[in-house]
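User: Hi! I have a protein open on my screen and I'd like to get to know it. Could you walk me through it?

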Amino acid sequence: MPVGARTIMAIWSFKRKRFPYGLLNKHKARLCAHGGQQTWGQDYWDTYAPVVQWASVRLLLIVAKIHKLESNSIDFVLAFPQADLDIPVYMELPAGITPEDEIDANRRRFVLRLNKSLYGLKNASFNWFEKLRCGLDERGFVQSFVDKCVFYRDDCIVLTYVDDCIILGKDMAVVDSLIQSLKNGEENFELTDEGSIDKYLGVLIKDIDENTFEMSQPFLIRRIIQFLSLDESKTRGRPTPVGKPLLNRDLDEAPRKHPWLYRGAVGMLSYLTNRVRPEIQMAVHQTARFSANPMRSHELAIMRIGRYLVDSPDKGIIYTVDKSKGLEVYVDADFAGAWQAADATNAENVLSRTGYVICYANCTILWCSKLQTEIALSTAEAEYIALSQALREAIPLQNLTKEISCVFPLYLPTTSFNLTVHEDNLSTIAMAESLKFTPRTKHIAIKYHHFRSRIKTTYNPSGDIELKYVSTKKQLADIFTNPVDEGTLPSLLCGDYFAVGEWIIGTFGCDSYFGYDTLIVTNMIFAKLCDAYALSDIHSLPREYL
């Protein structure tokens, strides 16, 4: 070893890897390095490596469905060790390995000099992403400015998430050619061709027909149910995931009773709702707020979500693409809705809640429910802050569609590049369309006005964001700001405007809730409602079914 060089420990990592549906795939033993013993500036520099955003994954899967693109998934074998180290790192021998001429085990004579980016090193992920990026760059791919894990050229799109990649191409010849190029190139990538996309990062992707596909996580839901000690055959399901009133700190409430880890349940539910179950987003966010000191009421809220999932473990999002629709945003806010007299001294209770859902081609690609970080002084201000937060996510997605259209020459309707925002507060629309600051709005922070120059108005006809008023009954984002009671749920599922909101039909699982054999919703036509009814209008549904 050079004088002054340091060594880091070697660690064995053992893991059981499972398929998305729960069956054991294989046992893995991985040799890792103790990255916590590295020193910045000596044996590592950069560490950051991006991963693809789920909104980008959904958006490009929808684009692939619209344009009938071929798809394939690949998995790089031992991805990190495929990248070279640019700084020498020395590691001690791992446990269980002793050189033959090592006389005294307490006095080491040999160490390992790492040539590859071993798992555990702080710069391993950065080195791997740089190697993959350079390999795609040499093959003519352009890295997206919006999402650094999206690469495209004139005939192909690649999405990367560490070692898992999705390839979308005009035909299978293009996809197969790229895979062979990666295998046989000078980079010497080792990868496994996993065929068509039926799963990705634990999410099952199922094609229903040429215009429809479903994304679900049944194994994770059953794992949550088992984690909460709920018996599917005995547990009575809940019709809604969240009850009233909203949760507070409950410092004088009874302590928890169940032994399961509260943070573990919140983590699994958060992963589920951010992937395939948007209707539990608000309920999960409420419970996550009190992870530091959960009480009995918070535990019961977790149990309620679990009982709700018992009725629909196999449900997910059903996407039916509609080429005539572009990028749309539904945004809503609940002004100081968490304030309660029982916990009036808690300043967090006067924060308003933001909720929004972003759709493309009639399919939901992003949703959110969270508290605002500043106290709003009026309903209009709370709605305006929510509008600003929603557009922070929607504008980059709009830019991503423009990027794809420029480099990937496919037919996209011009409406795809314009952003339509549906807002149910007229004061918010007036504030967004006006450049004036009135005495009641001049205190709103400048950071919330970032989108004003892009609003389409009479004095700015070239704006690419159009604001439209939508009634509260047709506001799809309402479920992200207010608890949905049992009486409101049927109207949210089967309202008059759910050509856009078909994802909620698939997510909530109308067939299990209403007791129908099958419920198919397409352009508000309901078929096979039991065997006795064939109705074309939900308003004529017999009252006993509601």
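Analyst: Happy to! One term to start with: a residue is called buried under 20% relative accessible area, exposed over 50%, and partly exposed in between. Also keep in mind that this is a predicted model.

User: OK, so why does glycine 337 count as partly exposed?

Analyst: Its relative accessibility is 31%, so glycine 337 falls in the range between buried and exposed. You'll find glycine 337 in the loop between β16 (327-334) and β17 (353-360).

User: How far apart are glycine 337 and arginine 353 in space?

Analyst: They are 7.3 Å apart from C-alpha to C-alpha, with their positions 16 residues apart in sequence. Both also help line the second largest cavity, along with others including Leu246, Gln286 and Thr481.

User: How much space lies in that second largest cavity?

Analyst: About 70 Å³. Its lining divides into five nonpolar, four polar and three charged residues. The structure holds five cavities of 30 Å³ or more.

User: And what about the largest pocket, how much space is there?

Analyst: About 1,500 Å³. The lining is made of 37 residues, and Lys15, Lys17, Arg18, Asp164 and Gly202 lie nearest the centre. Among the elements that give two or more residues to this lining are β2 (10-18), β3 (24-33) and α5 (262-275). By class, 18 of the lining residues are nonpolar, six are polar and 13 are charged.

User: Switching topic: which residues form a nonpolar patch on the surface?

Analyst: Trp12, Phe14 and Ile97, with about 340 Å² of accessible area together. Phenylalanine 14 is in strand β2, and its relative accessible area of 65% makes it exposed.

User: Cool. How many salt bridges does the structure hold?

Analyst: There are 12. In one of them, the side chains of glutamate 187 and arginine 139 meet at 3.0 Å, N to O. Glutamate 187 sits in the loop between α3 (172-184) and β11 (191-193), and arginine 139 in the loop between α2 (124-138) and β7 (142-143), so this pair ties together parts that are 48 residues apart in sequence.

User: Are those two buried or exposed?

Analyst: Glutamate 187 and arginine 139 are both buried.

User: What about lysine 402 and aspartate 464?

Analyst: Their side chains meet in a salt bridge at 3.3 Å, N to O. Lysine 402 belongs to helix α8 (residues 379-407) and aspartate 464 to the loop between α9 (426-433) and β20 (465-469), so parts 62 residues apart in sequence are tied together. Lysine 402 is partly exposed at 29% relative accessibility, while aspartate 464 is buried at 14%.

Notes. Residues are numbered from 1 along each chain as its sequence is written. This is a predicted model: local features need pLDDT of at least 70, side-chain atom pairs count only at pLDDT 80 or more; totals for chains, interfaces and linings use all residues. Side-chain values use heavy atoms; hydrogens and water are left out. On a 1 Å grid over the protein atoms alone, a cavity is a set of points where a 1.4 Å probe fits but cannot get out, and a pocket is an open set with protein on both sides within 12 Å along at least five of seven lines; lining residues have an atom within 4 Å of a point. Grid points are joined across faces, edges and corners, and a volume is the space filled by probe spheres set on the points. Helices (H or I, at least four residues) and strands (E, at least two) are DSSP runs, numbered from the N terminus. Ala, Val, Leu, Ile, Met, Phe, Trp, Tyr, Cys and Pro count as nonpolar, Asp, Glu, Lys and Arg as charged, and the others, Gly among them, as polar. Patches are made of residues with over 30% relative accessible area and no salt bridge: like charges are joined within 9 Å, nonpolar side chains (Val, Leu, Ile, Met, Phe, Trp, Tyr) within 5 Å. Accessible areas come from the Shrake-Rupley method with a 1.4 Å probe; for residues, only the protein chains shown count as cover. A salt bridge is a side-chain nitrogen of Lys or Arg within 4 Å of a carboxyl oxygen of Asp or Glu. Buried means under 20% relative accessible area, exposed over 50%, partly exposed in between (1.4 Å probe, protein chains only).
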